[in-house]
Amino acid sequence: MSQSRMPALFLGHGSPMNALEENRYTTAWRHAGDTLPRPRAIIAVSAHWYTRGTAVTAMAHPRTLHDFGGFPQALFDTRYPAPGSPELAEQLVSLLAPIPVQLDHSWGFDHGSWGVLIKMYPQADIPVVQLSIDSTQSPAWHFELGQKLAALRDEGVMIVASGNVVHNLRKVRWDGGDEVYPWASSFEQFVRDNLTAESDAASHPLVNFMQHPGASLSNPTPEHYLPLLYVLGARQKGEAISIPVDGMEMGAISMLSVQVG
């Protein structure tokens, strides 16, 4: 990574409670914020803003969304008051053209974005815009969108995407059991084995992830997986790639994180 190029991160965000708790995942997120070059702004891509069409938060002061239920009041009381960046939002509209990008003034930061950023940058003093994930588009389209975003990394903008490469809430072991489903471990290993693949969207193994036999159980719906493709798409040829932290929770939630650069 050149000195001026910002890294791109995919963070396995897991439970919203990670925003309040301290564990090895949150320690890794905090370490990233402490040691990586400080960005002038952040583009957040979260599994939890899954839309028809593409939108970007364009307000100066985005609200903190508590898009979950059944958690302690302390979590609902938590705020992440980072500023927005209408200027960066406008820049994304131009950069991603001819893809139509809606300037959104109603969403804010959902827990997929602020839940990790509150650990990385607890002072909430770096401007953040959140980019939605278009549910109508193919995995290849999302990878190619990441390729378009790559240019901003050389302008001091960090990409922070969050989701989980294995995410099946219907199969989680709510009793706290540690046993990982074979299909979950097999699919996560498939992701790990192919992170450094260098090919176009049409032939990249992780773009064509549904060909893996464990994919449909690991991702009954794709929104938690797709953020990874933005980060892989933003990778430059030969650029270093690493895994800051990993782990499997409740048998069916992968906490694998990936750093490009």
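## The largest pocket

In this predicted model, the largest pocket holds about 410 Å³ of space. It has 21 lining residues, and those closest to its centre are Gly14, Ser15, Pro16, Leu169 and Met250. Sorted by class, the lining comes out as 10 nonpolar, 9 polar and 2 charged residues.

## The second largest pocket

Next comes the second largest pocket, with a volume of about 170 Å³. Its lining is made up of Phe143, Gln147, Leu195, Ala197, Glu198, Ser199, His204, Leu232, Gly233, Arg235, Gln236 and Lys237. Two elements, α5 (139-149) and α8 (226-233), each give two or more residues to this lining.

As for chemistry, the second largest pocket is lined by 4 nonpolar, 5 polar and 3 charged residues.

## One enclosed cavity

What does a search of the whole structure turn up in the way of cavities of 30 Å³ or more? Just 1, and its volume is about 60 Å³. The residues around this cavity are His13, Gly14, Ser15, Pro16, Asn18, Ala19, Trp29, His111, Trp114, Gly115 and Val116. Helix α4 gives the largest share of that lining, with 4 residues.

There are no charged residues in the cavity lining, which splits into 5 nonpolar and 6 polar. Gly14, Ser15 and Pro16 turn up here, and they are also among the residues closest to the centre of the largest pocket.

## Where α1 meets α4

Helix α1 (residues 24-35) and helix α4 (residues 111-120) have axes that come within 7 Å and cross at roughly 60 degrees. On the α1 side, the contact is made by Thr26, Trp29, Arg30, Ala32 and Gly33, while α4 brings in Gly115, Val116, Lys119 and Met120. By class, the contact has 4 nonpolar, 3 polar and 2 charged residues.

Some of these names are familiar from the cavity: Trp29, Gly115 and Val116 take part in the contact between the helices, and these residues also line the cavity.

## Thr51 in strand β2

Thr51 sits in strand β2 (residues 41-51). Is Thr51 buried or exposed? Its relative accessibility is 16%, so Thr51 counts as buried, the cut-off being under 20%.

Leaving aside residues up to four places away in sequence, Thr51 touches Ser132, Ile133, Asp134, Ser135 and Thr136. With one of these, Ser132, there is also a polar contact of 2.8 Å between the side chains.

Terms used: Residues are numbered from 1 along each chain as its sequence is written. This is a predicted model: local features need pLDDT of at least 70, side-chain atom pairs count only at pLDDT 80 or more; totals for chains, interfaces and linings use all residues. Side-chain values use heavy atoms; hydrogens and water are left out. On a 1 Å grid over the protein atoms alone, a cavity is a set of points where a 1.4 Å probe fits but cannot get out, and a pocket is an open set with protein on both sides within 12 Å along at least five of seven lines; lining residues have an atom within 4 Å of a point. Grid points are joined across faces, edges and corners, and a volume is the space filled by probe spheres set on the points. Ala, Val, Leu, Ile, Met, Phe, Trp, Tyr, Cys and Pro count as nonpolar, Asp, Glu, Lys and Arg as charged, and the others, Gly among them, as polar. Buried means under 20% relative accessible area, exposed over 50%, partly exposed in between (1.4 Å probe, protein chains only). A polar contact is a pair of N or O atoms within 3.5 Å; within protein, one must be able to donate a hydrogen and the other to accept it, and residues adjacent in sequence count only if both atoms are side-chain atoms. Contact means heavy atoms within 4.5 Å. Axes are lines fitted to C-alpha atoms, for helices over the stretch in contact, and angles run from 0 to 180 degrees between N-to-C directions.
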